[in-house]
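Hi,

Here is the structure I said I would send over. Have a look at it first, and my notes follow underneath.

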Amino acid sequence: MTDLANTTDAAAVRALAARVAGAVHTPGSPGHGRARTGVQLLDPHRPAAVVEAAGADDVRATVAWASERGLPVAVQATGHGRGTGLDGGVLIDTHRMDGVRVDPARRTARVAAGATWRRVVEAAAPHGLAPLSGSSPSVGAVGYTLGGGVGLLARRYGFAADHLRGVDLVTADGTAHRVSAGTDPDLLRALRGGGGSPGAVTGIEIDLFPVEHLYGGGLLFDLGEDPAGVLGAWWEWTRDLPEEMTSGVSAVSYPDLPGLPPHLRGRHLARVAVSWSGPLEQGPGLVDPLRSAGPLLEDTLGVLPYTRSEEVFADHDDPAAFRGEGLLLDDLPVADAAAAARRGAEAPFLTAVWLRHLGGALSRPPRTPGVVGHRGAACALALLTLDGREDTPAMADLRASTAAALADRTLGRSLTLSFGAMDADLVRTAFSPEDHALLVRQRDRLDPRGLFHSHRPLD
């Protein structure tokens with residue numbers, strides 16, 4: 001490939017700027033600094049140029065420009081979808097491409113590359129519809145859907161990727177394609193859960209569902225020195241739940257450090273999040289057994305319009321330097337999960353253990369094939385470590401020891417819950433051998449020179 005430093009040549013940048021309607025940013029400018037990082041502060045992109053794409057035409061022009069020069073390209077997704085590791089080349093920032101068009105008769109939405117879930121939720125709500133959105137409305141809808149997507153309605157309707165109808169894709173030669181089951185079924189299959197790496201996605205078409213309200217919110221418990229009590233009670237409660245119930249637990253250990261709020265310092269807390277999309281009057285009775293799982297500090301459960309669905313998991317999205325290990329388990333060994341939580345509580349850095357109940361519609365293959373792996377998983381577990389500055393050896397050791405302790409129950413990795421550098425062997429564990437081979441074939445067919453940078457290498 002061409003020397004990456006060539007993209008800083010003033011003439012080359014002017015040539016790029018002449019092709020696009022959006023702004024082009026070079027190192028040292030505010031736009032360059034904003035685009036190359038986001039919620040994840042570790043290992044930001046280091047592009048020689050950033051294109052703030054105004055629309056799909058800008059994406060096509062930028063990819064063609066980079067292809068002519070043999071320069072790598074990465075797409076900076078909106079919200080939490082901030083990839084890492086591009087060194088030189090050009091970064092396409094899609095945050096201005098945030099349009100959403102709802103077709104209430106077909107119960108579908110066309111979603112541009114930079115739209116967050118909040119935009120989609122607000123566009124669908126007036127029609128009595130909802131998308132298969134995630135726990136945080138600030139997450140980018142496109143990257144989330146392409147990666148699989150386990151949302152608030154997941155056990156009832158399945159993965160977000162299962163309801164991906166079509167994709168607008170720019171390939172490495174700068175050509176735009178509208179991918180559907182009718183035009184290119186193998187490519188659509190690869191995009192339904194494969195992460196979108198064969199090109200630059202400028203928009204998607206997704207299904208919407210007739211959900212207007214949830215019974216949901218959270219129960220906050222003090223874990224004290226025995227997290228197994230709350231975690232075990234939650235996992236036992238999930239055993240016979242209807243598919244309309246999706247839930248999870250976040251166990252967070254706050255170190256006793258200056259700068260943290262006094263009511264959090266040195267405490268070990270767990271928040272059980274509940275999303276019930278069945279008959280609303282049945283919600284309280286289903287959840288009542290959980291209220292005695294441990295010392296209850298807060299109860300925010302109630303009927304919510306779907307436009308307030310972020311209150312279910314109450315995720316934080318403040319920028320931080322974090323790493324995470326995401327595992328898909330055939331069952332939850334409560335003792336091992338509790339041991340990980342206890343070790344986190346003893347650490348001098350912030351830790352969080354996330355658990356998500358799977359099964360239901362997530363376990364069934366969709367009508368249109370995709371590549372979401374390990375549908376037999378009963379539970380997803382992620383261990384996050386962070387201190388806002390760096391990833392230390394002690395953090396890496398805690399994550400590795402947790403993965404080792406759970407190895408016998410682990411079916412594979414969850415790439416959407418794994419934060420940090422990934423190698424090809426790790427990526428391979430997220431897919432079946434057949435689906436991984438399909439992803440490699442599509443990559444080789446559409447991007448034989450490896451123009452598109454991905455932090456999820458396929459080989």
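Let me begin with the second largest cavity, which has a volume of about 40 Å³. Keep in mind throughout that this is a predicted model, and that the values below are computed from it.

Which residues line that second largest cavity? They are Trp117, Leu132, Thr145, Ala160, His163, Ile206 and Asp207. Sorted by class, this lining has 4 nonpolar, 2 polar and 1 charged residues. Asp207 supplies the charge, while Thr145 and His163 are the polar pair.

How many cavities of 30 Å³ or more does the structure hold? There are 2, and the largest has a volume of about 80 Å³. It is lined by 13 residues, and the closest to its centre are Arg118, Val121, Pro137, Ser309 and Glu310. The class split for the lining of the largest cavity is 4 nonpolar, 6 polar and 3 charged residues. Arg118 and Glu310 are among the charged ones, and Val121 and Pro137 are among the nonpolar ones.

On to the helices. As background, a packed pair is described by the angle between the two axes and the distance between them.

One pair is α1 (residues 10–19) and α3 (residues 56–69), with axes 9 Å apart and an angle of about 150°. Angles over 145 degrees count as roughly antiparallel, so that is the label for α1 and α3. The crossing of α1 past α3 is right-handed. From α1, the residues in the contact are Ala12, Ala15, Leu16 and Arg19. Facing them in α3 are Ala61, Thr62, Ala64, Trp65, Glu68 and Arg69. In this contact 6 residues are nonpolar, 1 is polar and 3 are charged.

The other pair is α8 (residues 227–237) and α10 (residues 334–346), whose axes come within 9 Å and cross at roughly 140°. Why are α8 and α10 called oblique to each other? Their angle of roughly 140° is not over 145, the cut-off for roughly antiparallel, and it lies outside the other named ranges too, so the pair counts as oblique. Here as well, α8 passes α10 in a right-handed crossing. On the α8 side, Pro227, Ala228, Leu231, Gly232 and Trp235 make the contact. They meet Val334, Ala337, Ala338, Ala341 and Arg342 in α10. By class, that gives 8 nonpolar, 1 polar and 1 charged residues; the polar one is Gly232 and the charged one is Arg342.

Cheers

Conventions
Residues are numbered from 1 along each chain as its sequence is written. This is a predicted model: local features need pLDDT of at least 70, side-chain atom pairs count only at pLDDT 80 or more; totals for chains, interfaces and linings use all residues. Side-chain values use heavy atoms; hydrogens and water are left out. Axes are lines fitted to C-alpha atoms, for helices over the stretch in contact, and angles run from 0 to 180 degrees between N-to-C directions. Helices (H or I, at least four residues) and strands (E, at least two) are DSSP runs, numbered from the N terminus. Angles under 35 degrees count as roughly parallel, over 145 as roughly antiparallel, 65 to 115 as roughly perpendicular and the rest as oblique. A crossing is left-handed if the near helix is turned anticlockwise from the far one by less than a right angle, and right-handed if clockwise. Contact means heavy atoms within 4.5 Å. On a 1 Å grid over the protein atoms alone, a cavity is a set of points where a 1.4 Å probe fits but cannot get out, and a pocket is an open set with protein on both sides within 12 Å along at least five of seven lines; lining residues have an atom within 4 Å of a point. Grid points are joined across faces, edges and corners, and a volume is the space filled by probe spheres set on the points.
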